[in-house]
Amino acid sequence: MSKTDGGSRQGRARALAGRLNGRPLVLVGMMGAGKTTVGRRLAARLGRQFIDSDEEIERAAQMSIPEIFEQRGEGEFRAGEMRVISRLLKEKDIVLATGGGAFVNPETRALVKAGALSVWLKADLDVLFERVSRRSNRPLLKTADPRGTLEKLIADRYPIYAEADITVMSRDVPQDNVAADVITALLDHLKN
Ligand SMILES: Nc1ncnc2c1ncn2[C@@H]1O[C@H](COP(=O)(O)OP(=O)(O)O)[C@@H](O)[C@H]1O
Ligand SMILES: O=C(O)C1=C[C@@H](OP(=O)(O)O)[C@@H](O)[C@H](O)C1
Ligand SMILES: [Mg+2]
């Protein structure tokens, strides 16, 4: 990256931080979109605290996400997810990465819409499948046909994710560049 690039990126991050006036930023989208990893970089650029709702749930339950699904079921996970997100949205100056199903839950979605700016990190099936295949920590994909499951989730969820304030493609480029794309898109959104 050139010095000029860095300077303008920093300037854009500062401008956005000012315009947000403390309002939480919430990342939504499918498993593998990059909410956790891009979110961490986005927070660093904006000088904000980064929080991942899955990590908060794991800490509160003293169990991993797969253990929560196995021992308590998805329903309890979703209820806990909503409680955690509701509490976190009271914080100022945060970047919050949600789990892929959070925004799909109508109650959680209403909380996010009311209390934050939401960003849909979007990616195609092939990209998502390659990324989620690197780890086996996503209970919903422990099926005989994980690619087919992902495809069905995409069909069900994309119309809902589209309700986010902005959409940014999570391209297969360094995650810092995706974070920069989010900043550019948010500045553009806030201009209107
Ligand atoms: N823009 C990107 N380019 C390449 N790999 C990425 C990108 N964004 C995320 N990844 C990788 O994809 C995987 C899933 O990312 P993660 O942030 O956990 O997604 P999510 O939280 O949305 O499920 C991780 O291995 C991460 O390093
Ligand atoms: O899409 C989903 O329903 C889920 C996504 C996961 O988070 P990531 O999207 O960060 O992988 C995690 O919350 C859980 O496995 C359920
Ligand atoms: Mg995540």
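What percentage of the 192 residues in the protein chain do buried residues make up? The answer is 33%, where a residue is called buried if 20 or more other C-beta atoms lie within 10 Å of its own, exposed if 12 or fewer do, and partly exposed in between, with the C-beta atoms placed from the backbone. Before I go on, I should say that this is a predicted model, in which local features need pLDDT of at least 70 and side-chain atom pairs count only at pLDDT 80 or more, while totals for chains, interfaces and linings use all residues. Residues are numbered from 1 along each chain as its sequence is written, and chains are lettered from A and ligands numbered from 1 in the order in which they are written.

Let me begin with the chain as a whole. Its secondary structure comes to 9 helices and 5 strands, which are DSSP runs numbered from the N terminus, H or I of at least four residues for a helix and E of at least two for a strand. Read along the sequence, these elements follow the pattern α-β-α-β-α-α-α-β-α-β-α-α-β-α. The radius of gyration of the protein chain is 16 Å, which agrees with the value near 16 Å that a compact globule of 192 residues would have; that radius is taken over C-alpha atoms, and the globule rule is 2.2 Å times the number of residues to the power 0.38. Along the principal axes, the C-alpha atoms fill a box of roughly 50 × 35 × 30 Å. Of the contacts with a separation of 6 or more, 77% are between residues 24 or more positions apart, a contact being two residues whose C-beta atoms, placed from the backbone, lie within 7 Å.

I turn now to the ligands. Ligand 1 is surrounded by 17 residues, and the closest are Gly 34, Lys 35, Thr 36, Thr 37 and Arg 131; to be counted here, a residue must have its C-beta atom, placed from the backbone, within 6 Å of the molecule. Two or more residues of this shell come from helix H2 (35-46) and from helix H9 (175-191), and H2 gives the most, with 4 residues. By class, the shell has 6 nonpolar, 6 polar and 5 charged residues, where Ala, Val, Leu, Ile, Met, Phe, Trp, Tyr, Cys and Pro count as nonpolar, Asp, Glu, Lys and Arg as charged, and the others, Gly among them, as polar.

Around ligand 2 there are 4 nonpolar, 4 polar and 3 charged residues, including Lys 35, Thr 36, Asp 54, Gly 100 and Arg 138.

Several of these residues also carry a UniProt annotation, although such annotations may be inferred rather than shown by experiment. The unreviewed entry gives "binding site" for Gly 32, Ala 33, Gly 34, Lys 35, Thr 36, Thr 37 and Arg 138, and the same feature name covers Asp 54, Arg 78, Gly 100 and Arg 157.

Where do some of these annotated residues sit? Ala 33 is in the loop between S1 and H2, and it is buried because 26 other C-beta atoms lie within 10 Å; setting aside residues up to four places away in sequence, Ala 33 touches Leu 121, Lys 122, Ala 123, Leu 128 and Ser 170. Thr 36 is in helix H2 and counts as partly exposed, with 19 C-beta neighbours inside 10 Å, while its contacts beyond four places in sequence are Asp 52 and Ala 97. Asp 54 belongs to helix H3 (residues 53-61) and is buried, with 21 other C-beta atoms within 10 Å; leaving aside neighbours within four places, Asp 54 is in contact with Ile 65 and Gly 99. Arg 157, in helix H8 (residues 146-161), is partly exposed, since it has 18 other C-beta atoms within 10 Å.

I will finish with helix H6 (residues 106-115), in which Thr 108, Arg 109 and Val 112 are buried. Seen down the axis of H6, these residues fall within an arc of 100°, so they line one face of the helix, the arc being that of the directions from the helix axis to the C-beta atoms. On the other side of H6, Pro 106, Glu 107, Ala 110 and Ala 114 are exposed. The cover over the buried residues of H6 includes strand S1 (25-28), helix H5 (74-88) and strand S4 (117-122).
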